[in-house]
Amino acid sequence: MNNVGEILNDVSLKDYTSLKIGGIAKYLVKPRNITELKNLMEYIKENKEKYIILGHGTNVIIDDSYFDGIVIKLDNFKDLVFEGNEVTVGSGVALGYLAKVTLDSGFISFGFASMIPGNVGGSVVGNAGCYGHEIMELVKTVEVMDKDGNITKLDRSDISYGYRYTSLKNKYIVLNVTFILKKGDVAAAREEIKQNNQKRINSQPLDKKNVGSIFRNPENASAGKLIEDLQLKGRTIGGAKVSEKHANFIVNEDNASFEDIVSLIESVRQEVKDAYQIDLVVEPTIIKWDSL
Ligand SMILES: Cc1cc2nc3c(=O)[nH]c(=O)nc-3n(C[C@H](O)[C@H](O)[C@H](O)COP(=O)(O)OP(=O)(O)OC[C@H]3O[C@@H](n4cnc5c(N)ncnc54)[C@H](O)[C@@H]3O)c2cc1C
């Protein structure tokens, strides 16, 4: 592997996910620029390596066995360039930072995302959102690389997307994104953010290892409420537990394994299905090495 960026060997993926679960990966590679990423994709193709892209690791539940493959992290894709009411941002920029910087420049559009702990790449791929907003609303274009190293700039209209979903997933590597921003009352936006953040602190188990909401909300219902009504808060399998604070969170309470988390998710999903005939959909991406 030459000219592909920083290469780390035998890396514990526990240290790269908010749930603190994940096996040892043969390589974790951080390209410094598009050329290095292109070289890496060529190497992967030629050597038939398995690979995953990892953002900030806050929406993934990762297999804890050994990964004989490559984890690609775009942490070095950190450019942030304003042009009028647009900002072009690298995949590796944290949403919270983007919210701060854009607010400091008088734009209020990213206020909703200030407490979403992911990076721009992962958040656009999964169309992250909250408080009635989602990130795809703000997207103008997305620059992507395909598995063969070809680079394309997609307009928002080229991408299909919906609730926590875009057609970019598993197809492209997001390199950078251009967003259209709106000016507004920054003081009012800051106050709203403060209140929303406090609500999160009060209602979510932010002091525990977690991966955000486990299930998408079904139409016209709250997954958390359905689970809570079945008195499943506190249910435990191995080291994994349904949070006592918020029923739609599963926490890694005590050295949970990948299997503990996945089994607990399945047991909750089955109970909800039996009780309400609602098939809950898991929101985070579950990554199993043998299915790559
Ligand atoms: C406490 C907490 C609160 C949360 N609150 C919210 C919320 O309010 N709303 C919400 O929507 N989410 C929420 N989340 C979930 C998560 O933060 C978001 O989904 C976030 O957008 C994920 O970004 P990431 O960088 O961590 O992605 P990762 O978890 O690293 O990756 C997610 C997926 O995107 C892919 N991916 C990552 N980067 C790229 C790239 N550059 N190109 C192509 N594919 C890529 C990965 O392969 C993976 O499939 C929360 C999570 C936590 C822990």
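Me: How far is an oxygen atom of the ligand from a polar backbone atom of Ile53?
Reply: This is a predicted model. Ile53 is listed among the closest of the residues that surround the ligand. The contact on the protein side is made by a polar backbone atom of Ile53, and the distance to the ligand oxygen is 2.6 Å.

Me: Which other residues place a polar backbone atom at 2.7 Å and at 2.8 Å from an oxygen atom of the ligand?
Reply: At 2.7 Å from a ligand oxygen lies a polar backbone atom of Gly55. At 2.8 Å, the polar backbone atom belongs to Asn59. The residues asked for are Gly55 and Asn59.

Me: How much of the ligand's accessible area does the protein cover?
Reply: On its own, the ligand has 960 Å² of accessible area. With the protein in place, the covered part is 92%.

Me: Which element gives the most residues to the shell around the ligand?
Reply: The elements that give two or more residues are S3, helix H3 (120-125), strand S8 (129-130) and strand S14 (173-180). The top contribution is four residues, and it comes from H3.

Me: How many residues of the shell around the ligand are charged?
Reply: The ligand is surrounded by 33 residues. Of the shell, 14 are nonpolar and 16 are polar. The charged residues number three.

Me: Which strands stand at the edges of the four-stranded sheet, and why is one side of each left without a neighbour?
Reply: The sheet is open, its pairing is mixed, and its strands follow the order S1-S2-S5-S3. Each edge strand has a single partner strand, so one side of it has no neighbour in the sheet. These edge strands are S1 (6-12) and S3 (50-54).

Me: In which sense do S2 and S5 pair, parallel or antiparallel?
Reply: Strand S2 covers residues 24-30 and strand S5 residues 67-73, with four bridges between them. Within this pair, Leu28 has Val71 of S5 as its bridge partner. The sense of the pairing is parallel.

Me: At about what angle does helix H1 run to S5?
Reply: H1 spans residues 34-46. The helix lies across S2, S3 and S5. Its angle to S5 is about 160°.

Me: What separates the C-alpha atoms of Tyr51 and Val71?
Reply: Tyr51 is in strand S3, and Val71 is the S5 partner of Leu28. Along the chain, Tyr51 and Val71 are 20 residues apart. Contacts of Tyr51 include Met41, Ile44, Phe67, Ile70 and Ile72. The C-alpha separation of Tyr51 and Val71 is 5.6 Å.

Me: Which residue in the turn between S6 and S7 has a positive phi?
Reply: Strands S6 (residues 80-83) and S7 (residues 86-90) run antiparallel and are joined by four bridges. One of the paired positions is Val81 with Thr88 of S7. The two strands form a hairpin with two residues between them, and the phi of about 60° belongs to Gly84.

Me: Which strands stand at the edges of the sheet that contains S14?
Reply: Five strands make up this open, antiparallel sheet, in the order S6-S7-S14-S10-S11. Each edge strand has one partner strand, so one of its sides lacks a neighbour in the sheet. The edge strands are S6 and S11 (151-155).

Me: Which residue in S11 stands opposite Val144?
Reply: Strand S10 (residues 139-145) pairs with S11 in the antiparallel sense over five bridges. Opposite Val144, the residue in S11 is Thr152.

Notes:
Residues are numbered from 1 along each chain as its sequence is written. This is a predicted model: local features need pLDDT of at least 70, side-chain atom pairs count only at pLDDT 80 or more; totals for chains, interfaces and linings use all residues. Side-chain values use heavy atoms; hydrogens and water are left out. Two strands pair if DSSP finds at least two bridges between them. Contact means heavy atoms within 4.5 Å. Axes are lines fitted to C-alpha atoms, for helices over the stretch in contact, and angles run from 0 to 180 degrees between N-to-C directions. A residue is near a molecule or strand if one of its heavy atoms lies within 4 Å of it. A polar contact is a pair of N or O atoms within 3.5 Å; within protein, one must be able to donate a hydrogen and the other to accept it, and residues adjacent in sequence count only if both atoms are side-chain atoms. Accessible areas come from the Shrake-Rupley method with a 1.4 Å probe; for residues, only the protein chains shown count as cover. Ala, Val, Leu, Ile, Met, Phe, Trp, Tyr, Cys and Pro count as nonpolar, Asp, Glu, Lys and Arg as charged, and the others, Gly among them, as polar. Lists of a residue's contacts leave out its neighbours within four places in sequence.
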